[in-house]
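Q: Let's have a close look at the salt bridges, please. Start with a single pair, then work outwards and show me where the others sit in the fold.

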Amino acid sequence: MSHSMTSADLLPRRYSLALLLLLLVGCGPTQVVVEGSFPPPLMTPLPVTLGVWYDEAFSQHEFADEAASPGDSSWVVSTGTAQVEMWNTLLQGMFHKLVPMQGAPGPDQPNPAVDGVLIPHVDELQYAIPAHTSVKVYEIWMRYRFELVSLDGEPIAEWSMTSYGKTPTAFLQSDRAAVNLAAVMALRDAGANFATGFTRVPAVNQWLEAHNVPPARGTP
Amino acid sequence: MSRLIALLLPVLATALSGCVTSTVDEMVFNEPVEGIGDASVVILGRRHASDYDTEPEFIRCLGDHITARDSSITVVDELDFVNALYPWFEPRTAPLRPEELKRLMRRAPVAERLREMNTEYMIWIDGTTLRTDSGGSMACGIGPGGGGCFGFGTWSNDSDYEATIWDFTDRAEVGRVNTTATGQSYMPALIVPIPIIAPVQGTACDGLGDQLLEFLSAEY
């Protein structure tokens with residue numbers, strides 16, 4: 001015996017399926033795509049043309065926190081888009097001209113002519129969540145590694161830098177907003193650290209001198 | 001009836017507020033005789049300590065307190081100021097002493113931006129409000145006949161803030177105001193919990209705001 005199903009018969013099934021999906025979504029990790037506005041730096045631009053290359057690990061950077069117990073929630077925090085936005089804004093303000101590269105610098109890679117190419121990496125990331133700190137304040141610490149290379153990929157300088165951010169206030173914050181704010185603060189701190197420390201890297205200073213940047217200008 | 005409610009509301013609000021004790025110490029070296037005139041003032045929170053941050057909502061409260069009582073005073077929003085001068089007023093880079101302002105003002109874009117903003121005074125707020133101790137216990141239950149809570153909870157909050165006033169023209173410290181406030185809050189529960197909250201941070205804000213108003217305003 002066969003029987004056809006009408007759309008009215010299908011309705012309860014659709015509701016059940018939607019409910020099941022909702023429950024499954026509820027069991028998954030909390031996703032946060034970091035969003036924020038990053039101001040341009042207030043400084044005299046260095047008179048060099050800088051290329052920038054973000055590899056996939058950097059431009060799609062994310063970190064995850066597995067729930068330690070059934071009562072806790074898991075997190076997946078995507079910082080890649082915000083990283084690229086912040087670094088583009090910062091570097092455009094720091095240098096006379098910023099040129100995004102079409103590929104990783106190398107002898108066979110056709111790229112626009114620039115004085116040097118900056119390649120940022122996030123080497124390490126640590127975080128503290130309220131389960132560790134007992135207040136709704138999230139903390140994020142990152143260690144960056146920067147490579148400054150020629151258009152052919154020859155190394156010019158390589159150095160590390162740290163950044164730190166925490167939720168500025170626990171007042172009326174949702175968990176997602178608190179995580180987002182901590183990440184935005186860490187990114188702002190990274191920008192501030194880079195902008196004020198760039199010319200203090202000895203190899204960078206030599207590179208700037210080779211491009212006729214006077215020492216006074218070399219201190220943004 | 002509405003008149004009765006209007007009469008009873010302040011009484012009820014007073015009855016449901018915990019007690020707060022507050023002290024204010026002021027040390028002013030060079031107060032402007034006729035207020036700050038057309039110039040603007042910026043109030044900034046210190047966020048460089050590892051164990052606490054001055055709350056952004058406390059900074060907003062102080063700004064609101066001053067402008068509500070003297071509308072001729074322009075208080076620049078903290079985030080607007082920090083964004084306009086990025087990266088020089090981030091927790092990592094903000095000047096800790098007035099002498100550091102001189103070094104900052106040697107940067108032409110920074111000096112120009114501050115001139116545009118016409119900022120005459122910068123007020124740094126350093127401090128926080130902490131819950132110092134808590135006690136009591138409360139149990140809540142729900143059954144077929146209804147639900148309710150029974151018990152008693154109490155906690156105390158301490159506020160300690162110091163405002164340091166810097167003069168942009170002289171690039172010197174011209175005043176220092178300190179306020180402390182402490183208060184005990186209660187939460188008795190007999191079926192329904194009734195919070196009797198001591199407005200500790202609000203009292204500290206009022207105390208400090210009044211002193212700053214005396215400094216900045218020609219009318220006080």
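A: Start in chain B, where Arg113(B) and Glu116(B) form a salt bridge whose closest N and O atoms are 3.6 Å apart. Keep in mind that this is a predicted model. Because the two residues sit three positions apart in helix α5 (residues 108-117) of chain B, about one helical turn separates Arg113(B) from Glu116(B). How exposed are the two partners, Arg113(B) and Glu116(B)? Arg113(B) is partly exposed at 27% relative accessibility, while Glu116(B), at 56%, counts as exposed.

Over in chain A there's a busier arrangement: Asp123(A), Arg145(A), Glu147(A) and Glu158(A) are joined into one network by salt bridges that share partners. Over all chains, the structure has 13 salt bridges.

One link in that network is Asp123(A) with Arg145(A), whose side chains meet at 3.0 Å, N to O. That pair ties together distant parts of the chain, since Asp123(A) belongs to strand β6 and Arg145(A) to strand β7 of chain A, 22 residues apart. Arg145(A) also has a salt bridge to Glu147(A), this time with the closest N and O atoms 3.8 Å apart. What about exposure here? Asp123(A) is partly exposed, its relative accessible area being 37%. Arg145(A) is partly exposed too, at 23% relative accessibility, and Glu147(A) gets the partly exposed label with a value of 23%.

Now for the sheet behind those strands. Chain A has an open, five-stranded sheet with mixed pairing, in the order β5-β2-β6-β7-β8. Its edge strands are β5 (95-100) and β8 (155-166) of chain A, each pairing on one side only. From one strand to the next, the twist averages 30°. On the other side of β6 from β7 in that order comes β2: strand β2 (residues 46-52) of chain A and strand β6 (residues 116-128) of chain A run parallel and share three bridges. Within that pairing, Val52(A) has Leu118(A) in β6(A) as its bridge partner.

Two helices lie across this sheet. Helix α3 (residues 80-94) of chain A lies across β2, β5, β6, β7 (139-149) and β8 of chain A, and runs at about 145° to β5(A). Helix α6 (residues 202-210) of chain A lies across β2, β6, β7 and β8 of chain A, at about 125° to β8(A). So which helices lie across β6 and β7, the strands of the Asp123(A)–Arg145(A) pair? Both α3(A) and α6(A) do.

Chain A has another sheet as well, again open with mixed pairing, this one made of three strands in the order β1-β4-β3. The edges are β1 (30-33) and β3 (62-65) of chain A, each with pairing on one side only. Ignoring direction, neighbouring strands of this sheet are turned by 10° against each other on average. β1(A) pairs with strand β4 (residues 75-78) of chain A in the parallel sense, over four bridges, and Gln31(A) stands opposite Val76(A) in β4(A). Helix α5 (residues 175-197) of chain A lies across β1 and β4 of chain A, running at about 40° to β1(A).

For the overall layout, chain A has six helices and eight strands, and they follow one another from the N terminus as α-β-β-α-β-β-α-β-β-α-β-β-α-α. Buried residues account for 45% of its 220 residues. Of the contacts in chain A with a separation of 6 or more, 67% are between residues 24 or more positions apart.

Salt bridges turn up between the chains too: three of them connect chain B and chain A. In one, the side chains of Arg188(A) and Glu90(B) meet at 2.8 Å, N to O. How many residues are in contact across the chains? On the chain B side there are 21, touching 23 of chain A. About 1800 Å² is buried between the two chains, with 55% of that coming from carbon and sulfur atoms.

Technical notes:
Residues numbered from 1 in each chain as written. Chains lettered and ligands numbered in written order. Predicted model: local features only at pLDDT ≥ 70, side-chain atom pairs only at ≥ 80, totals over all residues. Heavy atoms only, no water. Buried < 20%, exposed > 50% of the residue type's maximum accessible area, 1.4 Å probe, protein only. Contact = heavy atoms within 4.5 Å. Pairing = 2+ DSSP bridges. Axes fitted to C-alpha atoms, helices over the stretch in contact; angles between N-to-C directions. Buried area = accessible area lost by both parts, 1.4 Å probe. Salt bridge = Lys/Arg side-chain N within 4 Å of Asp/Glu carboxyl O.
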